[in-house]
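User: I am new to this structure and would like to learn how to read it. Could you take me through its features one at a time?

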Amino acid sequence: MQVMELAGPGRDGEPGRLEARHRPAPVAGPGEVVVEVHACAVCRTDLQIVDGDLPARHLPIVPGHQVVGHIASRGSGVDPATHPIGARVGIAWIASTCGICRFCTTARENLCVDAAFTGWDIDGGYGEQVVARADFTYPIPPSFDDLRAAPLLCGGTIGYRSLKVAGVDLRDAAGTRLGLYGFGASATCVIQLAVHAGCEVFVATRSEAERARAIALGAVWAGGYADPPPVPLDAAITFAPAGSVVIDALRALDRGGIVAVNAIHLDHIPEFDYDQLWLERSLRSVANVTRADVVEFLDLAAAVPVQTQIEVFGPDQANDALTRLRDGRISGSAVLQFA
(Lines give C-alpha, C1' and ligand atoms only; values in the text may rest on other atoms or scores of the structure.)
Protein backbone atom coordinates (compact mmCIF):
# COMPACT_ATOMS: atom_id res chain seq x y z
CA MET A 1 0.00 0.00 0.00
CA GLN A 2 1.03 3.63 -0.51
CA VAL A 3 1.63 5.98 2.42
CA MET A 4 3.01 9.46 2.97
CA GLU A 5 5.75 8.96 5.56
CA LEU A 6 7.75 11.28 7.78
CA ALA A 7 11.30 9.96 8.16
CA GLY A 8 12.52 12.93 10.19
CA PRO A 9 11.01 16.29 11.16
CA GLY A 10 12.18 19.71 10.02
CA ARG A 11 15.21 21.22 11.76
CA ASP A 12 16.54 24.69 12.50
CA GLY A 13 13.39 26.40 11.25
CA GLU A 14 13.26 24.43 8.00
CA PRO A 15 9.90 22.77 7.32
CA GLY A 16 9.63 19.02 7.30
CA ARG A 17 8.57 17.00 4.29
CA LEU A 18 6.72 13.74 3.74
CA GLU A 19 7.89 11.10 1.28
CA ALA A 20 5.74 8.63 -0.68
CA ARG A 21 6.55 5.07 0.35
CA HIS A 22 5.23 1.59 -0.41
CA ARG A 23 4.57 -0.64 2.60
CA PRO A 24 3.08 -4.10 3.04
CA ALA A 25 -0.63 -4.09 3.80
CA PRO A 26 -1.20 -3.98 7.58
CA VAL A 27 -2.61 -6.92 9.53
CA ALA A 28 -5.04 -6.47 12.41
CA GLY A 29 -3.84 -7.81 15.75
CA PRO A 30 -6.05 -8.88 18.65
CA GLY A 31 -8.70 -6.24 19.35
CA GLU A 32 -7.82 -4.30 16.20
CA VAL A 33 -9.35 -3.52 12.83
CA VAL A 34 -7.81 -2.55 9.52
CA VAL A 35 -9.54 0.47 8.00
CA GLU A 36 -9.48 1.21 4.28
CA VAL A 37 -9.02 4.99 4.23
CA HIS A 38 -11.48 7.13 2.26
CA ALA A 39 -10.51 10.54 3.62
CA CYS A 40 -8.11 12.02 6.14
CA ALA A 41 -8.29 15.66 7.19
CA VAL A 42 -5.08 17.60 7.76
CA CYS A 43 -4.64 19.08 11.24
CA ARG A 44 -2.26 21.74 12.53
CA THR A 45 -0.95 19.08 14.92
CA ASP A 46 0.15 17.06 11.87
CA LEU A 47 2.05 20.13 10.71
CA GLN A 48 3.68 20.59 14.13
CA ILE A 49 4.84 16.95 14.10
CA VAL A 50 6.20 17.27 10.55
CA ASP A 51 8.01 20.54 11.32
CA GLY A 52 9.39 19.33 14.65
CA ASP A 53 7.46 21.75 16.88
CA LEU A 54 6.16 18.62 18.60
CA PRO A 55 9.02 16.19 19.35
CA ALA A 56 8.82 12.97 17.35
CA ARG A 57 7.74 9.96 19.38
CA HIS A 58 8.14 7.32 16.68
CA LEU A 59 9.94 7.49 13.35
CA PRO A 60 9.27 6.87 10.59
CA ILE A 61 5.62 7.78 11.12
CA VAL A 62 2.57 8.16 8.91
CA PRO A 63 0.70 11.27 10.15
CA GLY A 64 -3.04 11.85 10.16
CA HIS A 65 -5.65 11.45 12.88
CA GLN A 66 -8.95 12.54 11.28
CA VAL A 67 -9.67 9.37 9.34
CA VAL A 68 -12.86 8.14 7.71
CA GLY A 69 -12.99 4.76 5.99
CA HIS A 70 -14.52 1.30 6.12
CA ILE A 71 -13.49 -1.77 8.08
CA ALA A 72 -11.56 -4.09 5.78
CA SER A 73 -10.61 -6.80 8.29
CA ARG A 74 -10.80 -7.66 11.99
CA GLY A 75 -8.39 -9.19 14.45
CA SER A 76 -9.27 -11.78 17.04
CA GLY A 77 -11.58 -10.68 19.83
CA VAL A 78 -13.39 -8.03 17.79
CA ASP A 79 -17.16 -8.50 17.84
CA PRO A 80 -18.47 -8.78 14.26
CA ALA A 81 -21.84 -7.44 15.42
CA THR A 82 -20.36 -4.11 16.53
CA HIS A 83 -17.61 -3.93 13.89
CA PRO A 84 -18.90 -5.63 10.73
CA ILE A 85 -16.74 -5.75 7.63
CA GLY A 86 -17.60 -2.77 5.43
CA ALA A 87 -18.86 -0.57 8.29
CA ARG A 88 -17.94 3.09 7.91
CA VAL A 89 -15.93 4.35 10.89
CA GLY A 90 -13.82 7.25 12.02
CA ILE A 91 -10.47 7.28 13.78
CA ALA A 92 -9.48 10.21 15.99
CA TRP A 93 -6.40 11.56 17.80
CA ILE A 94 -6.67 9.33 20.87
CA ALA A 95 -5.57 5.86 19.78
CA SER A 96 -5.43 3.94 23.06
CA THR A 97 -5.34 4.30 26.83
CA CYS A 98 -4.49 1.96 29.68
CA GLY A 99 -8.06 1.86 31.03
CA ILE A 100 -6.95 1.30 34.63
CA CYS A 101 -5.17 4.45 35.84
CA ARG A 102 -6.85 7.03 38.06
CA PHE A 103 -7.53 9.23 35.04
CA CYS A 104 -9.09 6.48 32.93
CA THR A 105 -11.30 5.32 35.79
CA THR A 106 -12.63 8.85 36.46
CA ALA A 107 -13.78 9.76 32.92
CA ARG A 108 -10.50 11.55 32.18
CA GLU A 109 -8.83 9.14 29.79
CA ASN A 110 -7.58 12.14 27.79
CA LEU A 111 -5.03 12.56 30.61
CA CYS A 112 -3.91 8.90 30.73
CA VAL A 113 -0.14 8.77 31.18
CA ASP A 114 0.06 5.71 28.92
CA ALA A 115 -2.15 7.09 26.17
CA ALA A 116 -1.04 6.71 22.55
CA PHE A 117 -2.02 9.05 19.74
CA THR A 118 -2.79 8.41 16.09
CA GLY A 119 -0.17 9.78 13.72
CA TRP A 120 2.25 10.52 16.57
CA ASP A 121 2.78 7.23 18.45
CA ILE A 122 1.27 4.93 15.83
CA ASP A 123 0.76 5.28 12.09
CA GLY A 124 -2.17 7.39 11.01
CA GLY A 125 -4.35 8.05 8.01
CA TYR A 126 -2.02 9.50 5.36
CA GLY A 127 -2.07 6.10 3.69
CA GLU A 128 -4.38 3.68 1.95
CA GLN A 129 -4.96 1.57 5.08
CA VAL A 130 -4.49 2.04 8.80
CA VAL A 131 -4.74 -0.20 11.87
CA ALA A 132 -6.73 0.97 14.89
CA ARG A 133 -7.99 -0.48 18.13
CA ALA A 134 -11.61 -1.41 17.45
CA ASP A 135 -12.82 0.26 20.65
CA PHE A 136 -11.25 3.53 19.49
CA THR A 137 -13.24 3.73 16.26
CA TYR A 138 -16.53 5.57 15.83
CA PRO A 139 -19.60 5.17 13.62
CA ILE A 140 -19.98 8.16 11.29
CA PRO A 141 -23.48 9.70 11.09
CA PRO A 142 -24.95 8.97 7.64
CA SER A 143 -25.75 12.65 7.09
CA PHE A 144 -22.04 13.38 6.57
CA ASP A 145 -20.11 12.24 3.52
CA ASP A 146 -16.54 11.02 4.00
CA LEU A 147 -14.80 14.27 3.10
CA ARG A 148 -16.95 16.50 5.29
CA ALA A 149 -16.94 14.07 8.19
CA ALA A 150 -13.15 13.88 8.46
CA PRO A 151 -12.57 17.37 9.99
CA LEU A 152 -15.13 16.62 12.70
CA LEU A 153 -12.90 13.94 14.22
CA CYS A 154 -10.33 16.35 15.64
CA GLY A 155 -11.08 19.99 14.84
CA GLY A 156 -14.73 19.54 15.73
CA THR A 157 -14.24 17.27 18.70
CA ILE A 158 -11.42 19.24 20.34
CA GLY A 159 -13.50 22.37 19.80
CA TYR A 160 -16.40 20.71 21.59
CA ARG A 161 -14.14 19.77 24.50
CA SER A 162 -12.78 23.34 24.56
CA LEU A 163 -16.30 24.62 25.15
CA LYS A 164 -16.57 22.32 28.16
CA VAL A 165 -13.20 23.44 29.53
CA ALA A 166 -14.24 27.09 29.03
CA GLY A 167 -17.31 26.45 31.18
CA VAL A 168 -19.83 26.77 28.35
CA ASP A 169 -22.72 24.35 28.87
CA LEU A 170 -24.45 24.17 25.50
CA ARG A 171 -27.67 23.08 27.21
CA ASP A 172 -27.87 26.43 29.03
CA ALA A 173 -25.68 28.85 27.08
CA ALA A 174 -28.16 31.42 25.76
CA GLY A 175 -26.70 34.90 26.15
CA THR A 176 -23.17 33.69 26.99
CA ARG A 177 -20.55 36.01 25.54
CA LEU A 178 -17.97 33.73 23.92
CA GLY A 179 -14.73 34.83 22.27
CA LEU A 180 -12.99 32.75 19.60
CA TYR A 181 -9.36 33.74 18.98
CA GLY A 182 -8.32 32.31 15.62
CA PHE A 183 -10.79 31.06 13.05
CA GLY A 184 -9.62 27.89 11.38
CA ALA A 185 -11.20 24.45 11.13
CA SER A 186 -11.89 23.96 14.85
CA ALA A 187 -13.37 27.41 15.41
CA THR A 188 -15.59 26.94 12.35
CA CYS A 189 -17.22 23.99 14.12
CA VAL A 190 -17.35 25.72 17.51
CA ILE A 191 -19.13 28.84 16.26
CA GLN A 192 -21.91 26.71 14.79
CA LEU A 193 -22.43 24.88 18.11
CA ALA A 194 -22.32 28.14 20.07
CA VAL A 195 -24.69 30.10 17.82
CA HIS A 196 -27.11 27.17 17.79
CA ALA A 197 -27.06 27.25 21.62
CA GLY A 198 -27.79 30.99 21.70
CA CYS A 199 -24.33 32.35 22.54
CA GLU A 200 -23.17 35.77 21.44
CA VAL A 201 -19.93 35.00 19.60
CA PHE A 202 -17.04 37.45 19.18
CA VAL A 203 -14.26 36.41 16.78
CA ALA A 204 -10.69 37.74 16.69
CA THR A 205 -8.45 36.88 13.76
CA ARG A 206 -5.89 38.58 11.52
CA SER A 207 -7.60 37.55 8.28
CA GLU A 208 -10.24 39.87 6.83
CA ALA A 209 -11.66 36.91 4.88
CA GLU A 210 -12.01 34.89 8.09
CA ARG A 211 -13.70 37.83 9.83
CA ALA A 212 -16.26 37.98 7.02
CA ARG A 213 -16.77 34.22 7.23
CA ALA A 214 -17.28 34.46 11.01
CA ILE A 215 -19.97 37.12 10.60
CA ALA A 216 -21.65 34.97 7.94
CA LEU A 217 -21.73 32.09 10.43
CA GLY A 218 -23.41 34.20 13.10
CA ALA A 219 -20.69 36.10 14.99
CA VAL A 220 -21.96 39.42 16.39
CA TRP A 221 -18.51 41.02 16.09
CA ALA A 222 -15.18 40.28 14.40
CA GLY A 223 -11.88 42.10 14.82
CA GLY A 224 -8.14 41.64 15.23
CA TYR A 225 -6.42 39.79 18.05
CA ALA A 226 -5.52 42.94 19.97
CA ASP A 227 -8.85 44.69 19.34
CA PRO A 228 -10.97 44.71 22.52
CA PRO A 229 -14.45 43.25 21.96
CA PRO A 230 -17.27 45.75 22.56
CA VAL A 231 -18.29 43.94 25.77
CA PRO A 232 -16.41 41.83 28.35
CA LEU A 233 -16.45 38.10 27.58
CA ASP A 234 -17.75 35.31 29.81
CA ALA A 235 -15.45 32.78 28.16
CA ALA A 236 -12.90 32.58 25.37
CA ILE A 237 -11.16 29.85 23.40
CA THR A 238 -7.82 30.44 21.70
CA PHE A 239 -6.95 28.42 18.60
CA ALA A 240 -3.89 30.27 17.31
CA PRO A 241 -0.56 28.63 18.35
CA ALA A 242 0.74 31.97 19.68
CA GLY A 243 0.95 32.72 23.38
CA SER A 244 0.42 36.43 22.78
CA VAL A 245 -3.11 35.62 21.62
CA VAL A 246 -3.79 33.90 24.94
CA ILE A 247 -3.03 37.19 26.71
CA ASP A 248 -5.24 39.09 24.25
CA ALA A 249 -8.10 36.75 25.20
CA LEU A 250 -7.38 37.06 28.92
CA ARG A 251 -7.55 40.86 28.69
CA ALA A 252 -11.01 40.58 27.11
CA LEU A 253 -12.53 38.49 29.94
CA ASP A 254 -15.10 39.68 32.39
CA ARG A 255 -14.78 38.80 36.09
CA GLY A 256 -14.90 35.04 36.63
CA GLY A 257 -14.31 34.29 32.95
CA ILE A 258 -12.27 31.38 31.57
CA VAL A 259 -9.79 31.23 28.70
CA ALA A 260 -9.43 27.70 27.28
CA VAL A 261 -6.25 27.22 25.24
CA ASN A 262 -7.03 24.86 22.37
CA ALA A 263 -3.44 24.08 21.37
CA ILE A 264 -1.01 21.23 21.93
CA HIS A 265 1.92 23.59 21.27
CA LEU A 266 2.45 27.34 21.79
CA ASP A 267 5.50 29.42 20.97
CA HIS A 268 5.51 31.00 24.46
CA ILE A 269 3.22 32.97 26.77
CA PRO A 270 4.47 36.52 27.39
CA GLU A 271 4.70 37.98 30.86
CA PHE A 272 1.48 39.66 31.95
CA ASP A 273 0.21 41.65 34.92
CA TYR A 274 -1.56 39.73 37.67
CA ASP A 275 -4.42 42.24 37.44
CA GLN A 276 -5.41 40.59 34.17
CA LEU A 277 -5.92 37.28 35.98
CA TRP A 278 -7.35 38.64 39.23
CA LEU A 279 -11.08 38.61 40.05
CA GLU A 280 -11.29 34.84 39.59
CA ARG A 281 -10.43 34.79 35.92
CA SER A 282 -9.00 31.40 34.86
CA LEU A 283 -6.53 30.16 32.26
CA ARG A 284 -6.87 26.48 31.33
CA SER A 285 -5.34 24.19 28.74
CA VAL A 286 -7.27 21.69 26.63
CA ALA A 287 -5.50 18.33 26.43
CA ASN A 288 -6.67 15.74 23.92
CA VAL A 289 -10.19 14.28 23.91
CA THR A 290 -12.00 11.29 25.35
CA ARG A 291 -13.96 8.75 23.38
CA ALA A 292 -17.11 10.12 25.00
CA ASP A 293 -16.25 13.55 23.57
CA VAL A 294 -16.06 12.10 20.07
CA VAL A 295 -19.36 10.24 20.35
CA GLU A 296 -21.20 13.19 21.92
CA PHE A 297 -19.88 15.64 19.38
CA LEU A 298 -20.68 13.50 16.33
CA ASP A 299 -24.26 13.13 17.54
CA LEU A 300 -24.54 16.86 18.20
CA ALA A 301 -22.90 17.77 14.88
CA ALA A 302 -25.48 15.69 13.03
CA ALA A 303 -28.34 17.28 14.97
CA VAL A 304 -27.30 20.94 14.51
CA PRO A 305 -26.08 20.17 11.74
CA VAL A 306 -22.47 21.36 11.68
CA GLN A 307 -21.17 22.17 8.20
CA THR A 308 -17.46 21.79 7.46
CA GLN A 309 -15.65 23.86 4.85
CA ILE A 310 -13.04 21.81 3.01
CA GLU A 311 -10.33 21.94 0.36
CA VAL A 312 -9.64 18.54 -1.20
CA PHE A 313 -6.17 17.19 -2.06
CA GLY A 314 -4.91 13.89 -3.40
CA PRO A 315 -2.69 11.80 -1.08
CA ASP A 316 0.36 12.72 -3.16
CA GLN A 317 -0.46 16.38 -2.52
CA ALA A 318 -0.09 16.04 1.27
CA ASN A 319 3.01 18.28 1.28
CA ASP A 320 1.11 20.92 -0.68
CA ALA A 321 -1.72 20.78 1.86
CA LEU A 322 0.74 21.16 4.75
CA THR A 323 2.47 24.07 3.02
CA ARG A 324 -0.82 25.87 2.47
CA LEU A 325 -1.78 25.27 6.11
CA ARG A 326 1.65 26.51 7.27
CA ASP A 327 1.21 29.68 5.19
CA GLY A 328 -2.34 30.33 6.38
CA ARG A 329 -3.82 29.67 2.95
CA ILE A 330 -6.36 26.99 3.87
CA SER A 331 -9.94 28.13 4.27
CA GLY A 332 -11.53 25.65 6.64
CA SER A 333 -9.93 22.18 6.49
CA ALA A 334 -7.63 20.47 4.02
CA VAL A 335 -8.73 16.88 3.39
CA LEU A 336 -6.78 14.11 1.63
CA GLN A 337 -9.10 12.02 -0.55
CA PHE A 338 -8.27 8.39 -1.26
CA ALA A 339 -9.78 6.55 -4.21
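**Reading cavities, pockets and strands**

Analyst: Let us start with the largest cavity. Helix 4 (residues 185-196) gives the largest share of its lining, three residues. Keep in mind that this is a predicted model.

User: How is empty space found, and which residues line the largest cavity?

Analyst: The general idea comes first. A probe the size of a water molecule is rolled over the atoms, and this shows where empty space is left. Now the case here. The largest cavity is lined by Pro151, Ala185, Thr188, Cys189, Gln307, Thr308, Gln309, Gly332 and Ser333. Its volume is about 40 Å³. The count of cavities of 30 Å³ or more comes to one.

User: What classes of residue make up the lining of the largest cavity?

Analyst: Six are polar and three are nonpolar. No charged residues take part in that lining.

User: Now the pockets. How much space lies in the largest pocket, and which residues lie nearest its centre?

Analyst: The largest pocket holds about 1,200 Å³ of space. Its lining has 48 residues, and those nearest the centre are Arg44, Gly184, Phe239, Pro241 and Leu325. The elements that give two or more residues to this lining are helix 1 (44-51), helix 3 (155-165), helix 4, helix 5 (208-216), helix 8 and strand 17. By class, the lining of the largest pocket divides into 24 nonpolar, 18 polar and six charged residues.

User: Helix 3 is on that list. Is Val165 buried or exposed?

Analyst: Val165 is found in helix 3. To judge burial, look at the relative accessible area: under 20% counts as buried. Val165 has 8%, so Val165 is buried. Distance can be read too. Val165 and Arg11 are 154 residues apart along the chain, and their C-alpha atoms are separated by 34 Å.

User: Which element gives the most to the lining of the second largest pocket?

Analyst: Strand 8 (129-133) does, with five residues. Strand 6 (94-96) also supplies at least two. About 240 Å³ of space lies in this second largest pocket. Its lining has 18 residues, of which Ile122, Asp123, Val130, Val131 and Ala132 lie nearest the centre. The lining of the second largest pocket divides into 11 nonpolar, three polar and four charged residues.

User: Next, the sheets. How do strands pair, and what is the order of the open sheet of six strands?

Analyst: Strands of a sheet pair through backbone hydrogen bonds, either parallel or antiparallel. In this structure, the open sheet of six strands has the order 12-11-10-13-14-15, and its pairing is parallel. Strand 12 (221-223) and strand 15 (282-285) stand at the edges; each has a single partner strand, so one side of each is left without a neighbour in the sheet. From one strand to the next, the twist averages 15 degrees.

User: How many bridges join the strands from strand 10 to strand 15 in that order?

Analyst: Take the pairs in turn. Strand 10 (residues 177-181) and strand 13 (residues 233-238) run parallel over four bridges. There, Tyr181 has Thr238 as its bridge partner in strand 13. Strand 13 pairs in the parallel sense with strand 14 (residues 253-261) over five bridges. In this pair, Ala235 stands opposite Ile258 of strand 14. The chain passes from strand 13 through helix 6 (residues 243-251) to strand 14, in a right-handed β-α-β crossover. Strand 14 and strand 15 are joined by four bridges and run parallel. Val261 has Ser285 as its bridge partner in strand 15.

User: Strand 17 also appeared in the lining of the largest pocket. Which strand runs antiparallel to strand 17?

Analyst: Strand 3 (residues 32-42) does, joined to strand 17 by four bridges. Ala39 has Gln337 of strand 17 as its bridge partner. Strand 16 (residues 310-313) pairs with strand 17 in the parallel sense, also over four bridges. Phe313 has Leu336 as its bridge partner in strand 17. Strand 16, helix 8 (residues 318-326) and strand 17 form a right-handed β-α-β unit.

User: How many residues of strand 17 are buried?

Analyst: Four of its five residues are buried. Strand 17 (residues 333-337) is thus mostly covered.

Terms used: Residues are numbered from 1 along each chain as its sequence is written. This is a predicted model: local features need pLDDT of at least 70, side-chain atom pairs count only at pLDDT 80 or more; totals for chains, interfaces and linings use all residues. Side-chain values use heavy atoms; hydrogens and water are left out. Buried means under 20% relative accessible area, exposed over 50%, partly exposed in between (1.4 Å probe, protein chains only). Two strands pair if DSSP finds at least two bridges between them. A crossover is right-handed if, with the strands pointing away from the viewer, the path from the first strand over the helix to the second runs clockwise. On a 1 Å grid over the protein atoms alone, a cavity is a set of points where a 1.4 Å probe fits but cannot get out, and a pocket is an open set with protein on both sides within 12 Å along at least five of seven lines; lining residues have an atom within 4 Å of a point. Grid points are joined across faces, edges and corners, and a volume is the space filled by probe spheres set on the points. Ala, Val, Leu, Ile, Met, Phe, Trp, Tyr, Cys and Pro count as nonpolar, Asp, Glu, Lys and Arg as charged, and the others, Gly among them, as polar. Axes are lines fitted to C-alpha atoms, for helices over the stretch in contact, and angles run from 0 to 180 degrees between N-to-C directions.
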